[in-house]
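Good morning, colleagues. Please take a moment with the sequence and the structure before I begin.

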Amino acid sequence: MMLSNPGQPPLTIGGQSLVQWLAAAQQSQQSIAQSSPSVTTTDSLTAQQALLHEQILESEQNLNAQHTVLIQQQQTAIEETIAKTQKDNMNAEAAECHLNFTELDTVLQPIIDSCTKDSISSGKAWILQRATHKKVDNLIASYLLSKVLEERRTFNHKLHIIYLVNDILHHCARKNSGEELKKSLEGVVVPMFCNAASMNATEEQKAKLNKLLNLWETKHHYCSAETVAKLKQPQESWQEYQADLVSSHSDVLQSLTASTKITFQNYQSQHQAFVTHALQQIQTLEQQKQTLESQNQAAAALVSSAPLPSSTPPVALDVGSNSSEHQLLHQTQQLIQQAQQPQHLLPQQQSQQQLLQLQQQAISQMNAEQQQILAPPNHIQAPDHGMSTGYNALDSQSGMGQDGMQSFPPPPPEMGVQFTQPPPGFLPTFPPPAPGIELPDLSRPPPGFHLPPPPPILQPEVMPDDLLPSLPYYDLPAGLMVPLIKLEDCNYKPLDPDSIRLPPPAPPSERLLLAVKAYYA
């Protein structure tokens, strides 16, 4: 059976306790195993591993934070338990010694508040009158220490009680009496002084403590040398005092420390269970990654060893004497469209190179066709009717032209071929201008050409009622008061708020725009 602190929540991961997180993780794994397999990549597996590492780190941080909180709560509980135990013991001893703490509080309150000479004398007299034996002496010294160690006490309150103790020590040393009371007060003056020195005191307040320390150090009959040595090391002496308190009340504090230890062990077991489960998941994901990488490598090797598919053979252009410009353009467009279709080739550079070759071939064929069209008439030979009949019939059956190239029928009229534009990919070249001829600047109008004047800017008609402000005069800009002040007004003259008018709307002037530009430059 595991015990836990009911006041502390369990360790959390992403807003859930470790137990809830583990249960949700198991349900998620079962649902994933039952569902259909999805596409898994090494990147997704790596992301899952990184998420698990982050969750492990978050669990460790939560465990450390819980340990810190438990130690703080244990320390607070120890201090409260010790204070309650001391108070109960003092009340019991006071009842046995017939010592009334209420009367002592009445005497101490003026010293704590104002610390006058009369109040210190009155408190000293009350204590010396009742310090009759050792048990009462120790009880009074312990009660004075408890008043100094109260949390609500300020530095001045603590210092005033220390002044009272110093005055009693001085009286005992001067009168050479009350040796038992002196030893009792010397035993509590060290934690009093160290507790006051540990506060965030000012330099003036620290100087007062140092003045007392110098007094006790020079006057050896006030405190012993061992006590003065402890006062010179307030931090170490205060830690030693707290350790002595814990050891003296170990039987009462044992249950508190045992409860804190059990609670922290419970948190540790939850953290270890989560870390073990997360590391198992990380190992499983790592195995999946290795399997997936080996499959990818085998697939890559298979693809690299497979032969590449052959490219589509280029289509020959029919540029014979019977081919027209319309057919040539149609064939060129077919070639370009065929080259632009996606190929089943792995390298992309091969399809681009083939497209450029097809475009260059189409351009060269067009140039050859234009040269044949522009040739003189004597270069055109009449066909031999005796030979062409059988030859053309053979060509019509085989689909070949007279020049041995494959011919295509003319494109249908619904193709919508644009003869006014060059084919795609055709880049026309222009001859350079002749030397010595200056080209005109077409970005400017010719000399003597008068540009029409810009249209006038029409100012909107402003009515007097439009200039009346809608806000009270104290919410308007101060510059609107300038037109109301006349040059002849040399003395104070109150302004009429009803006479304030807004400036008429107008576009910003060039001077204003230049000023704004210069301001932000």
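**Contacts, cores and loops**

I begin with one methionine: leaving aside neighbours within four places in sequence, M192 is in contact with L144, L145, V148, I161, I162 and V165. Please bear in mind throughout that this is a predicted model.

M192 also belongs to the largest nonpolar core, which has 55 residues. Together with I127, L144 and W216, M192 touches the most other members of that core. Where does this core lie with respect to domain 1 and domain 2? Domain 1 comprises residues 45–86 and 252–294, while domain 2 covers 98–232. Both domains give residues to the core, so it lies between them. As general background, nonpolar side chains in soluble globular proteins tend to be buried together. Apart from this core lies another, made up of 8 residues, including L45, I56, F274 and I282.

Let me now turn to helix α7, which runs over residues 179–197. From its first C-alpha to its last, this helix of 19 residues reaches 27 Å, close to the 27 Å expected at 1.5 Å a residue. Where in α7 does the kink lie? A kink of about 30 degrees is found at V188, shortly before the proline P191. As for the surroundings of the helix, 14 of the 19 residues of α7 are buried, so the rest of the structure largely encloses it.

A residue of α7 that I should like to single out is A197. A197 has a relative accessible area of 31%, and is therefore partly exposed, since that category lies between 20% and 50%. Not counting residues up to four places away in sequence, A197 touches L209 and P234. There is also a C-alpha separation to note here: A197 and Q235 are 38 residues apart along the chain, and 8.4 Å separates their C-alpha atoms.

A second alanine, A77, lies in helix α2, which spans residues 42–97. Is A77 buried, partly exposed or exposed? With a relative accessibility of 23%, A77 counts as partly exposed. In sequence, A77 and L256 are 179 residues apart, whereas from C-alpha to C-alpha they are 7.7 Å apart in space.

I come next to two loop residues with backbone angles that deserve a remark. H98 is not a glycine, yet H98 has a positive phi of about 55 degrees. H98 is placed in the loop between α2 and α3, the latter being residues 101–113. C115 is likewise not a glycine, and C115 has a positive phi of about 55 degrees. The position of C115 is in the loop between α3 and α4, where α4 covers residues 117–130. Which of these two residues is exposed, and which is buried? H98 counts as exposed, at 74% relative accessibility. C115, at 17% relative accessibility, counts as buried because the cut-off for that class is under 20%.

Finally, some totals for the chain. There are 15 helices and 2 strands. Of the 521 residues, 27% count as buried. Among contacts with a separation of 6 or more, 77% are accounted for by residues 24 or more positions apart. How much area does the chain expose, and what share do carbon and sulfur atoms supply? The exposed area is about 36,300 Å², of which carbon and sulfur supply 56%.

Thank you for your attention.

Methods: Residues are numbered from 1 along each chain as its sequence is written. This is a predicted model: local features need pLDDT of at least 70, side-chain atom pairs count only at pLDDT 80 or more; totals for chains, interfaces and linings use all residues. Side-chain values use heavy atoms; hydrogens and water are left out. Helices (H or I, at least four residues) and strands (E, at least two) are DSSP runs, numbered from the N terminus. Buried means under 20% relative accessible area, exposed over 50%, partly exposed in between (1.4 Å probe, protein chains only). Contact means heavy atoms within 4.5 Å. Accessible areas come from the Shrake-Rupley method with a 1.4 Å probe; for residues, only the protein chains shown count as cover. The expected span of a helix is 1.5 Å times one less than its number of residues. The bend at a residue is the angle between axes fitted to the seven residues ending there and the seven starting there. A nonpolar core is a set of buried Ala, Val, Leu, Ile, Met, Phe, Trp, Tyr and Cys residues joined through side-chain atoms within 4.5 Å. Domain bounds come from an automatic or database domain assignment.
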